[in-house]
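Subject: Structure handover

Hello,

I am passing on the structure we talked about. Please have a look at the sequence and the model, then read the notes underneath.

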Amino acid sequence: MIDLRSDTITQPTTDMKSAMMHARVGDDVFGEDPTINALEEKSAAYFGMEAGIFCPSGTMTNQIAIRIHTEPQTEVICDKRSHIYLYEGGGVAYNSMASVRLLDGDRGRITAEMVADNINNPDDIHAPVTKLVSLENTMNKGGGCYYDFREIEKMSSLCRENGLKFHLDGARLFNALVASGDDPKKYGQHFNTISICLSKGLGCPVGSVLLGSKEEIKKARRIRKVLGGGMRQAGFLAAAGIYALDHHIERLAKDHLRAKVLGKVLIEQPYVESVLAVDTNIVIFTLANKVLAVEFVARLKDIGILAVTFGKHDVRFVTHLDFTDDQLEQVIKLLSNLSL
Ligand SMILES: *Cc1c(COP(=O)(O)O)cnc(C)c1O
């Protein structure tokens, strides 16, 4: 089976496992795990931010950030395709008792102008108080597209002028950085908090880090505790993160190249109507003749390819660390010989 369902399905490499097995660990709830402390410092430094906190998932880092920046009766502005809205179990309402203002950006990328038009008048008691703008980069539902940094700069100024906080769901931020060549420190300057996932393109078995100011990360520790995310000798997991930051960032360019090839092959197939532009490691395509995605994905499984449905007629492929050039050649053959 060639697995293109997600970049979360990867196995730790031999060298990563060796780094994990040799990690020095301690009780992180006491702040005494040297490897977790090192990972938090290393990832904060990478983005030029003050502090970081290691968490079991990206859902937890996003939800903690939203909890820090909002309070009941306030509102979060984000795109309608956002992971924080679609795929975190209603967590914004459940954990933070905040409402969500959904915008419809270009493949999920919203603009400063759109945000400006959706900030509520803080003196109007009918409306929730706008508190937070949350972006996602790369944008999963938008087919892995990424922001032009100039738009991020505009939004960060707008947030500052209006007393709003600015959060980034950077589950695949490293893909955006590699594809755009942007400086990670610029991200650190413009966002209050950034969530990065180690378990996606970087190929770790578990983990995300929330980055922010010392004060915000101190608050985050209290919230992580109440969510049950205080882990003990989790330095074994953090060691994988340190290894990945050192060895698995630049190689993302290979995933992007392979995804682009897949996009080109797909668009030539009679059973494909359209393919979203491939910018990083995600390929989303729409099937021709109203073929159902569930049926198509079942068909792919029969010929040895795993993929996920991404809408009634849409399918998603994600390239990753365990998807090789040999597998790419095989997939190209299988897709080209496939008739529906
Ligand atoms: C995967 C992902 C997350 C976090 O997911 P977890 O499975 O909770 O780690 C957050 N945002 C985006 C865009 C993602 O793709």
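A polar contact here is a pair of N or O atoms within 3.5 Å. By that cut-off, Gly58 makes one with the ligand: a backbone N or O atom of Gly58 is 2.8 Å from a ligand oxygen atom. Please keep in mind that the model is predicted.

Two side chains also reach the ligand with polar atoms. For Arg172, the distance to an oxygen atom of the ligand is 3.0 Å. For His83, the partner is a nitrogen atom of the ligand, at 3.4 Å. On its own the ligand has 370 Å² of accessible area, and the protein covers 83% of that.

The residues around the ligand are Ser57, Gly58, Thr59, Asn62, His83, Glu88, Glu136, Asp169, Ala171, Arg172 and Lys200. By type, five are polar, five are charged and one is nonpolar. Helix α3, residues 58-69, gives the largest share of this shell, with three residues.

Now the domains. The domain assignment splits the protein into domain 1 (14-247) and domain 2 (251-336). Their C-alpha centres are 28 Å apart. Domain 1 puts 19 residues into the contact, and domain 2 puts in 14 residues. Between them the two domains bury about 1,300 Å², with 57% of that on carbon and sulfur atoms. On the domain 1 side, Arg107, Gly143 and Asn175 supply 31% of the area buried against domain 2, more than any other three residues.

Regards

Notes: Residues are numbered from 1 along each chain as its sequence is written. This is a predicted model: local features need pLDDT of at least 70, side-chain atom pairs count only at pLDDT 80 or more; totals for chains, interfaces and linings use all residues. Side-chain values use heavy atoms; hydrogens and water are left out. A residue is near a molecule or strand if one of its heavy atoms lies within 4 Å of it. A polar contact is a pair of N or O atoms within 3.5 Å; within protein, one must be able to donate a hydrogen and the other to accept it, and residues adjacent in sequence count only if both atoms are side-chain atoms. Accessible areas come from the Shrake-Rupley method with a 1.4 Å probe; for residues, only the protein chains shown count as cover. Helices (H or I, at least four residues) and strands (E, at least two) are DSSP runs, numbered from the N terminus. Ala, Val, Leu, Ile, Met, Phe, Trp, Tyr, Cys and Pro count as nonpolar, Asp, Glu, Lys and Arg as charged, and the others, Gly among them, as polar. Domain bounds come from an automatic or database domain assignment. Contact means heavy atoms within 4.5 Å. Buried area is the accessible area (1.4 Å probe) that two parts lose on being put together, summed over both.
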